[in-house]
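Here is a short note to help you find your way into this structure. Please keep the 3D view open as you read.

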Amino acid sequence: MTYPLLQTIDDPADLRRLSRAQLKPLADELRGFLLESVARTGGHLSSNLGTVELTIALHYVFDTPRDRLVWDVGHQTYPHKILTGRRDRMATLRQLGGLSGFPQRTESEYDTFGTAHSSTSISAALGMALAAQMKGEDRHAVAVIGDGAMTAGMAFEALNNAGVQHDARLLVILNDNDMSISPPVGALNRYLAQLMSGQFYAAAKNVGRTVLKPVPPLFELARRLEQGAKGMVLPATLFEKFGFNYVGPIDGHDLDALIPTLENLRQLKGPQFLHVVTRKGQGYKLAEADPVAYHGPGKFDPAVGLVPPAAPAKPTFTQVFGQWLCDMAAQDARLVGITPAMREGSGLVEFAKAYPGRYHDVGIAEQHAVTFAAGLACEGLKPVVAIYSTFLQRAYDQLVHDVAIQNLPVVFALDRAGLVGTDGATHAGAYDIAYLRCIPNMALACPADERECRQLLSTAFAQPGPVSVRYPRGAGAGVEPLPGLDPLPFGKGEVRRQRAASPQPAGSAPQGVAILAFGTLLYPALTAAERLDATVVNMRWAKPLDVELLLQIAATHEALVTVEEGCIAGGAGSAVTEALMAAGVLRPVLQLGLPDRFIEHGDPAKLLALQGLDAAGIEASVRARFGAIVAGGARPDLKVVA
């Protein structure tokens, strides 16, 4: 395809030089380029196809980047990236060193706020609007938020605060892509939206209030007439109760409706709320028919569409969890499954079909999900909260206050632990070991493979208090899960490889290196250990730590290495050093894990290798620190540290 208009747009200033008549052809080109681009790289598709016209209209009407534009979640910002000077870099999308799949302040001045977790846009945009007011700058702040993100309490907290900021130049756009507008209603809404967003309507309302206020019966009649007229064609005026001027809903794919309405709203002071209706996958029939399948596809041929993938050689951890959940639910009627809007991502599709009365999708409301689970647990049920590691961070107070302090038996199935690859730092599960192990009553299991994942979930479910089980995205070593629901011992690890050197007599000096692995990095550790002749321990639990096993290993080895796919600071390696110090045992410990910086997006295997967490990297780090011990030679300069 050729894109004669799109190729002339290097920034929004170029867009604003186009005539209104050129915008519709531009939208067609932008949608075609977007489809072609995502088909080559993979990425979010349905949501971006749905925001093409809205993106054009926003940059056409507002003076970006002077006017601030904040995209909630941000996975629908590919059209925004293309129109703001990044068209030629779309081939690098979500690749190492390439464009992020979300807005990033370091990537472009048009990305005014970094997003990827939902429901933050209104708070951020309100801050920007009030900052402009305090600095005497006449500019706008616009938040674009989806209907799914409006299920989160944070969005309503922001609305509650924004509604009393009467002079703030704030516009909230609700991008509603879960409903449609029939043509007649759409035409009427277009007219009403332009009318109600205009200066005349706003002035008329103010004059009416002023003139009729002294005559309460007439004022009340006028108020009811206005609300009744709106009520015939508009949703409930909830947002006006928050103090916003509500406009809409209007067709978000109709530039002739969007642009005049936005132009009118731009002239008004105070918080404005525009409700637009869009369709996920708009313009690509296959995505329109199945927006979920095309939400985040890999590479594909647009002419053919998605091809059903071949049956995987081994199940993913998510699939292992989903099967375990169904099997355990069949055995124990107390089990309740909970997800904050991640049914597909967390593997609850089959559970939802088999046990609809015991399945709860609470929407994008992680705080509610955790406390809701706590309430269920108080009544003798056994809730299992399936949640991404990165999203559990959003409910930390509820985790501490509502679950852990009360020591309630809630199981947290933490998907996407460790590096997740193309989604980058915002979605990496890098911190759960550190932020969970410091909470009293909380236990944390780190299965090394698919079999252990199923068994440790059973272990967690049997405990009287809260337990988290962390596992990565995708498949692991391919160890087939056992069919039963037998648990593994609580808080106990195992030696998986013993160094080959002949054991020393009792009481002799310790020798060699032992690698203590937490989670799936056990397998690269085993490969490295073959080259190093090191002992390898599958620790399995970051909390409670198997201190008995740890002290046995420390007594027989000169140096210890901890390996985890989580942050080093406060992680499982820190737990090991704390336990050694508490026991008065001094051993040099090398902690391998994620460094104290955010890891960018890219291929997961490559990212792990760059952090030295593949087999070659583990071997190199051990040789660099403990080369003399590995070689068995003299070590006069060895420093003993904990």
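The points below follow a group of aromatic rings.

1. Before you start, please bear in mind that this is a predicted model. A search of the whole structure finds 18 aromatic pairs. A pair of this kind is described by the distance of the ring centres and the angle of the planes.

2. A good place to begin is Phe317 with Tyr471, which form a stacked pair. Their ring centres are 6.2 Å apart, with 20° between the planes; an angle under 30 degrees is what counts as stacked.

3. Which parts of the chain does this pair tie together? Phe317 belongs to helix H14 (residues 317–331), while Tyr471 sits in the loop between strand S11 (467–470) and strand S12 (494–497), so the pair joins parts that are 154 residues apart in sequence. Phe317 is buried, at 0% relative accessibility, and Tyr471 is buried too, with a relative accessible area of 1%.

4. Now look at Trp324 and Phe461. Their planes meet at 75° and their centres are 6.0 Å apart, so this pair is edge-to-face. Trp324 lies in helix H14 and Phe461 in helix H20 (residues 450–461), so parts 137 residues apart in sequence are tied together here. Both Trp324 and Phe461 are buried.

5. Next, try viewing these rings as a group. Ring pairs link Phe317, Phe321, Trp324, Phe461 and Tyr471 into a cluster.

6. Finally, what lies over the face of Phe461? You will find Lys382 there, at 5.0 Å from the ring centre.

How values were computed. Residues numbered from 1 in each chain as written. Predicted model: local features only at pLDDT ≥ 70, side-chain atom pairs only at ≥ 80, totals over all residues. Heavy atoms only, no water. Phe/Tyr/Trp six-rings, centres within 6.5 Å; stacked < 30°, edge-to-face > 60°. Helix = DSSP H or I, 4+ residues; strand = E, 2+ residues; numbered from the N terminus. Buried < 20%, exposed > 50% of the residue type's maximum accessible area, 1.4 Å probe, protein only. Lys NZ or Arg CZ within 6 Å of the ring centre and 35° of its normal.
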